[in-house]
Amino acid sequence: FYAKEDYFEKAKQFHAEYMPSKDILNYALNKIERLDLELIAPQHGSIIQKPYIGDLISKMKNLDCGLYIDKKYNRELIDIIDELRHKDKALKEKEAILFQKAKMAEMGEMIANIAHQWRQPLSIINTIVAIAKEKNALSLMNKDELEKKLGEIEKNIVYMSHTIEDFMTFFRPNKEKGRFLISEAVKSAVKITFASTDKHNMEVDIEGDGRAGIDGYINEYVQVIVSVIFNAKDILLERKTPSPRITIRYFSEKGQSILEIEDNAGGIEEKYMQRIFEPYFTTKHRSMGTGLGLYIAKMIIENSMDGELSVKNTALGAKFRIGVKSGTDK
Ligand SMILES: Nc1ncnc2c1ncn2[C@@H]1O[C@H](COP(=O)(O)OP(=O)(O)O)[C@@H](O)[C@H]1O
Ligand SMILES: [Mg+2]
């Protein structure tokens, strides 16, 4: 009924098999050890009196139990756990690289857009400087006029530096998380893609509820919109759609902030419908498409933002729908 010196030997097997791990057993033993106990009356086994408690606890602490019973099994299991941890980390790293790669793929087009947006102010500045030089050489330039010309130059430089800032914000990975308005994100995305759509006389219509907001990374969200707009632009161009148009709508619905982007290019071919979100799926020439745009877009919305990205064909064309839980109101 009462435990003796040899009690550890008797209780050993039960504990080795019953306790899930040495760490867990030790956690409990450390707590018990600190108490000034008269006796322990366990649910299973004998009653342990004060003189035996200390010795029993220190022996139990060294007992191999649970995961530690079978050294080989244990090693394998620990190796598997390590390997899984490692794989998870590698996967996350790969994902981050892929994110950046997709952005870079669209970088070429971005640079063309910056160049396009800079062309006009640059040529204005150029003209102002040429005229000022000419007038100055003929001593026709007075102070007021110089002041005015310098002001014009300054205005154009400010515009140029704003353009570059828009692009820089977009390329900086993971700006801090926070609440943003869909309208802000749409504005950035439309600015970034403007040169591409404008060049081909595509109309971009925006209608939305200015209060719709989201908690998350704005530049990742912008990236999604940019990818969808670029795809719409590509297909409108490829199919030579008359009166090409991209319509962007956003609103709140049942606790969600919804963004819809629809084009009038005739839609996604039915046979591709199931595949467009696959990585590396593209119907474009190798030099034009990476097939990563929509895959990354889906990852951003569904993994990183816990939302939903879907598509369907309408009477006009493809309509992408992004739904994310509405952000907390400010
Ligand atoms: N608005 C759209 N209308 C029709 N097809 C589309 C549209 N957007 C995407 N697609 C199809 O989905 C494919 C995958 O798009 P994406 O993942 O962005 O890769 P990529 O643009 O590099 O081809 C495109 O190649 C195209 O065939
Ligand atoms: Mg694309």
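**Exercise 1.** Leaving aside neighbours within four places in sequence, which residues is E145 in contact with? Then place E145 in the fold and classify its accessibility.

*Before you start.* This is a predicted model: local features need pLDDT of at least 70, side-chain atom pairs count only at pLDDT 80 or more, and totals for chains, interfaces and linings use all residues. Residues are numbered from 1 along each chain as its sequence is written, chains are lettered from A and ligands numbered from 1 in the order in which they are written, and side-chain values use heavy atoms, with hydrogens and water left out.

*Solution.*
- Step 1. Contact means heavy atoms within 4.5 Å. With neighbours within four places set aside, E145 is in contact with K135 and L140.
- Step 2. Look for a polar contact. This is a pair of N or O atoms within 3.5 Å; within protein, one must be able to donate a hydrogen and the other to accept it, and residues adjacent in sequence count only if both atoms are side-chain atoms. The side chains of E145 and K135 are joined by one of 2.5 Å.
- Step 3. Find the element. E145 sits in helix 6, residues 143-171. Helices (H or I, at least four residues) and strands (E, at least two) are DSSP runs, numbered from the N terminus.
- Step 4. Classify. Buried means under 20% relative accessible area, exposed over 50%, and partly exposed in between (1.4 Å probe, protein chains only). E145 has 19% relative accessibility, so E145 counts as buried.

**Exercise 2.** Which residues come nearest to ligand 1? Work outward from single atoms to the whole pocket.

*Solution.*
- Step 1. A residue is near a molecule if one of its heavy atoms lies within 4 Å of it. There are 17 residues around ligand 1, and D263, T282, T283, K284 and G291 come nearest.
- Step 2. Check the side-chain N or O atoms. In D263, one such atom is 2.8 Å from a nitrogen atom of ligand 1. In T282, one is 2.6 Å from an oxygen atom of the ligand. In K284, one is 2.6 Å from an oxygen atom of ligand 1.
- Step 3. Take the area. Ligand 1 alone exposes 530 Å², and the protein buries 95% of that. Accessible areas come from the Shrake-Rupley method with a 1.4 Å probe.
- Step 4. Name the space. Ligand 1 takes up the largest pocket. On a 1 Å grid over the protein atoms alone, a pocket is an open set of points where a 1.4 Å probe fits, with protein on both sides within 12 Å along at least five of seven lines.
- Step 5. Name the elements. Helix 8 (218-238), helix 9 (293-304) and strand 9 (318-325) give two or more residues to the shell around ligand 1.

**Exercise 3.** Is I276 buried or exposed? List its contacts too.

*Solution.*
- Step 1. I276 lies in the loop between strand 7 (256-263) and helix 9.
- Step 2. Its relative accessible area is 10%, so I276 is buried.
- Step 3. Beyond four places in sequence, I276 is in contact with I268, F281, L294, V311 and F320.
- Step 4. Take L294 from that list. I276 and L294 are 18 residues apart along the chain, and their C-alpha atoms are separated by 6.9 Å.

**Exercise 4.** What is the phi of N201, and what is the phi of K240?

*Solution.*
- Step 1. Recall the rule. Most residues other than glycine have a negative phi.
- Step 2. N201 has a positive phi, near 55°. N201 is in the loop between helix 7 (182-199) and strand 4 (203-208). At 64% relative accessibility, N201 is exposed.
- Step 3. K240 also has a positive phi, near 45°. K240 is in the loop between helix 8 and strand 6 (245-253). With 69% relative accessible area, K240 is exposed.

**Exercise 5.** Where does I206 lie, and where is S183 placed? Describe the surroundings of each.

*Solution.*
- Step 1. I206 lies in strand 4. At 42% relative accessible area, I206 is partly exposed.
- Step 2. Not counting neighbours within four places, I206 is in contact with V186, V190, I248 and Y250.
- Step 3. S183 is in helix 7. At 21%, S183 is partly exposed.
- Step 4. Beyond four places in sequence, S183 touches G210 and Y250.

Notes: On a 1 Å grid over the protein atoms alone, a cavity is a set of points where a 1.4 Å probe fits but cannot get out, and a pocket is an open set with protein on both sides within 12 Å along at least five of seven lines; lining residues have an atom within 4 Å of a point. A molecule sits in a cavity or pocket if more than half of its atoms lie within 2 Å of its grid points.
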